[in-house]
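Colleague: I would like to learn how to read a structure of this kind, one feature at a time. Could we begin with the pairing of strands?

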Amino acid sequence: MKSATPPNGHMPQRLAPEREFAMRFTSTPRGARLARRLVSHRLDDWGHPYATPVNETLTLITAELTANAVRHGHVPGRDFHLQLTLAENTFRIEVTDTRAEKQPPSIPPTPDSASESGRGLLLVAALADDWGVSPRPAAPGKTVWAELRERRQGRPCAHPWAELAVT
């Protein structure tokens, strides 16, 4: 069972990364698009080509988390920070913004069927093996993170219908 907030309120202990990419982006739709594209490029550089399930799934998760950081975590003049790591066959995406009072729900609500938005965290919860929200250490804000474990020959461990969501 996935949980948005670990029992101790903190992110799970991070393993020493084998690979890591981190960058700040402007808290704008353009910054979110650039973050998504750079994650996809970095995964390709790491041996997970663009059309593979790992690349497509992590790119979609990144798109949702960065769009939420822009829409719900935007503070004028402040950037968001993205970090992608790979450690022991687990990919981890972290998106940190500076708005502490706007926390995502621990269980994504079911959106109104007529609504054109509100499905981002449902996708993240469906595609990721685990996800959550943690306070930003030593500064105002929060980090929304998601993890995806790599399985057999670069295929992520995902729900059976998840590939439909990324194609």
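Modeller: Let us take one residue pair as a way in: Ile93 has Ala146 as its bridge partner, and Ala146 belongs to strand β5. Please keep in mind throughout that this is a predicted model. The pair is part of a longer ladder, for strand β3, residues 90–97, is joined to β5 by eight bridges, and the two strands run antiparallel.

Colleague: Which strand pairs with β5 over six bridges, and in which sense?

Modeller: That is strand β4, residues 130–135, which pairs with β5 in the antiparallel sense. Two positions let you follow the register by eye: Asp130 stands opposite Glu147 of β5, and Gly132 has Trp145 of β5 as its bridge partner. The strands β4 and β5 form a hairpin with six residues between them, and there Ala138 takes a positive phi near 65°.

Colleague: When I look at the side chains of a strand, what should I expect, and how many residues of β5 are buried?

Modeller: The general idea is that side chains in a regular strand alternate between the two faces of the sheet. As for burial, a residue is called buried when its relative accessible area is under 20%. By that criterion eight of the ten residues of β5, residues 142–151, are buried, and this strand is therefore largely enclosed by the rest of the structure. Its hairpin partner β4 is mostly covered, with five of its six residues buried.

Colleague: Could you show me a single residue in β3, and tell me what the side chain of Thr96 makes a polar contact with?

Modeller: Thr96, which is found in strand β3, has a relative accessible area of 13% and is therefore buried. Its side chain makes a polar contact of 2.7 Å with the side chain of Thr143. Setting aside residues up to four places away in sequence, Thr96 touches Phe80, His81, Arg136, Lys142 and Thr143.

Colleague: Phe80 has an aromatic ring, so to speak of rings in general, how is a pair of them read, and how many aromatic pairs does a search of the whole structure find?

Modeller: Two values describe a pair of aromatic rings, namely the distance of the centres and the angle of the planes. A search of the whole structure finds one aromatic pair. Phe25 and Phe80 form this pair, which is stacked, at 5.6 Å centre to centre and with 25° between the planes. The pair links distant parts of the chain, since Phe25 lies in strand β1, residues 19–26, and Phe80 in strand β2, residues 79–87, with the two positions 55 residues apart in the numbering. Both Phe25 and Phe80 are buried.

Colleague: Moving on to helices, how does one judge whether the length of α2 agrees with what it should span?

Modeller: One compares the expected span with the distance between the ends: at 1.5 Å a residue, the 20 residues of helix α2, residues 53–72, should span 28 Å, and the end C-alpha atoms are 28 Å apart, which agrees. Of those 20 residues, 14 are buried, so α2 is largely enclosed by the rest of the structure. Helix α3, residues 120–127, has six of its eight residues buried and is therefore largely enclosed as well; the buried ones are Gly120, Leu121, Val124, Ala125, Ala126 and Leu127.

Colleague: Is Ala35, at its relative accessibility, buried or exposed, and which residues is Ala35 in contact with?

Modeller: Ala35, whose place is in helix α1, residues 29–45, counts as buried because its relative accessibility is 0%. Leaving aside neighbours within four places in sequence, Ala35 is in contact with Phe25, Thr62, Thr66, Phe80 and Leu82. Ala35 and Ala63 are 28 residues apart in sequence, while their C-alpha atoms are 7.8 Å apart in space.

Colleague: And what can be read from a loop residue such as Ser27, in the loop between β1 and α1?

Modeller: Ser27 counts as buried because its relative accessibility is 8%. A polar contact of 3.0 Å joins the side chains of Ser27 and His74. Beyond its neighbours within four places in sequence, the contacts of Ser27 include Ala69, Val70, Arg78 and Phe80.

Colleague: To finish, what pattern does the protein chain follow along the sequence?

Modeller: The pattern is β-α-α-β-β-α-β-β-β-α, which comprises four helices and six strands. Of the 167 residues, 43% count as buried. Among contacts with a separation of 6 or more, 67% are between residues 24 or more positions apart.

Key. Residues are numbered from 1 along each chain as its sequence is written. This is a predicted model: local features need pLDDT of at least 70, side-chain atom pairs count only at pLDDT 80 or more; totals for chains, interfaces and linings use all residues. Side-chain values use heavy atoms; hydrogens and water are left out. Buried means under 20% relative accessible area, exposed over 50%, partly exposed in between (1.4 Å probe, protein chains only). Two strands pair if DSSP finds at least two bridges between them. Contact means heavy atoms within 4.5 Å. The expected span of a helix is 1.5 Å times one less than its number of residues. A polar contact is a pair of N or O atoms within 3.5 Å; within protein, one must be able to donate a hydrogen and the other to accept it, and residues adjacent in sequence count only if both atoms are side-chain atoms. Rings of Phe, Tyr and Trp (its six-membered ring) pair if their centres lie within 6.5 Å; planes under 30 degrees apart count as stacked, over 60 as edge-to-face and the rest as tilted.
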